[in-house]
Amino acid sequence: MAEAKKTETPAEGEVPKKKSKLLLIILIAVLVLVLGGGGAAFFLMKKKAADEEGADEGDEPPAKTAKAKKKKKDDHAMPPVFSKLDPFVVKLQAEQQEAYVQAVPELKLADAHVADQIKNFMPEIRHKVLLILAGKKAAELSTPEGMQILANQIRESINATLTGERPDPAKEKMDTNEEGPVIAVFFSSLIVQ
């Protein structure tokens, strides 16, 4: 019996060695995974911070400039915000006979908060649009160029109202104004009678 006890004792001693060896392998594997993940996270964060810092300084290499331009294009990939104004019916300046215009302008806005600004300034905006329409002749609105000029004048008038600046006649020649709160004006309906 004494010999049987001796054989059992070494067998019990081998079991803790196997458990400790398995535990050591698991611990090393977890440590490698944590260090690898931490290193990857650090590398990605450092690269992102460097890209943002380079964009702020403006002295970025051409590859980073292309990324910044692509990022700006992605900003424009968001769906546009439109605000529809109530219909306008105005008597035009008389040429030979009386003429009226019915216009329903829609505004393409820089972002959604501009729609709230437009609601706040709506009486002033409607007044200025009415004055612009009343100053037109039927012949001016019968061509696509005349309609585009009208849209540009309305856009610049609304931008001036929202920003508190005076309308810029040079910008009235541009079809869109990416700098202002109102980017463009479109007519969903424009009828001259």
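This briefing walks through the fold, core, salt bridges and surface of one protein chain. The model is predicted. The chain has 193 residues, and 24% of them count as buried. Its secondary structure comes to 5 helices and 4 strands. The average pLDDT is 79.

**Overall fold**

- Along the sequence, the elements follow the pattern α-α-β-β-β-α-α-α-β.
- Helix 1 covers residues 2–57.
- Strand 1 covers residues 81–84.
- Strand 2 (88–91) and strand 3 (100–109) also have set places in the sequence.
- Helix 3 spans 113–120, and helix 5 spans 144–163.
- Helix 4 takes in residues 122–134.
- Strand 4 runs over 182–192.
- Many contacts link distant parts of the sequence: among contacts between residues at least 6 apart, 59% join residues at least 24 apart.

**Confidence**

- A pLDDT of at least 70 is reached by 76% of the residues.
- Over residues 58–74, the pLDDT is below 50.
- Beyond near neighbours in sequence, that stretch has 8 contacts in the model.

**The nonpolar core**

- The largest nonpolar core has 27 residues.
- Those with the most contacts inside this core are Leu107, Ile118, Leu150, Ile154, Ile158 and Val182.
- Six elements each supply at least two residues of the core: strand 2, strand 3, helix 3, helix 4, helix 5 and strand 4.
- Helix 5 gives the largest share, 5 residues.
- Ile154 touches Val129, Ile132, Val185 and Phe187, leaving out residues up to four places away in sequence.

**Two buried positions to look at**

- Leu133 lies in helix 4.
- Leu133 counts as buried because its relative accessibility is 1%, and the cut-off for buried is under 20%.
- Beyond its neighbours within four places in sequence, Leu133 is in contact with Phe88, Val90, Leu92, Val101 and Leu150.
- Leu133 and Gln153 are 20 residues apart in sequence, and their C-alpha atoms are 9.8 Å apart in space.
- Ser83 sits in strand 1.
- Ser83 is buried too, with a relative accessible area of 13%.
- Outside its neighbours within four places in sequence, Ser83 is in contact with Pro105, Glu106, Leu107 and Leu109.
- One of these partners, Leu107, is also listed among the core residues with the most contacts.

**Salt bridges**

- Side chains of opposite charge can pair when their charged atoms come close.
- The count here is 4 salt bridges. Three of the pairs are described below.
- Glu98 pairs with Lys91, and their closest N and O atoms are 3.4 Å apart.
- Glu98 is partly exposed, at 49% relative accessible area. Lys91 is partly exposed as well, at 42%.
- Lys128 pairs with Glu124, with 3.4 Å between the closest N and O atoms.
- Lys128 and Glu124 are separated by about one helical turn, because they are 4 residues apart in helix 4.
- Lys128 has 28% relative accessibility and counts as partly exposed. Glu124 is also partly exposed, with a relative accessible area of 36%.
- Lys136 and Glu140 meet in a salt bridge through their side chains, 3.7 Å from N to O.
- Lys136 counts as buried, at 8% relative accessibility. Its partner Glu140 is partly exposed, at 34%.

**The surface**

- The chain exposes about 14000 Å².
- Carbon and sulfur atoms supply 61% of that area.
- Leu22, Ile26, Val30 and Val34 make a nonpolar surface patch of about 370 Å².
- Leu22 from this patch is found in helix 1.
- Leu22 counts as exposed because its relative accessible area is 51%, and exposed means over 50%.

Technical notes. Residues numbered from 1 in each chain as written. Predicted model: local features only at pLDDT ≥ 70, side-chain atom pairs only at ≥ 80, totals over all residues. Heavy atoms only, no water. Patch = residues over 30% accessible without salt bridge, like charges linked within 9 Å, V, L, I, M, F, W, Y side chains within 5 Å. Areas by Shrake-Rupley, 256 points an atom, 1.4 Å probe, with all protein chains shown as cover. Buried < 20%, exposed > 50% of the residue type's maximum accessible area, 1.4 Å probe, protein only. Core = buried A, V, L, I, M, F, W, Y, C linked by side-chain atoms within 4.5 Å. Contact = heavy atoms within 4.5 Å. pLDDT = per-residue confidence, 0-100.
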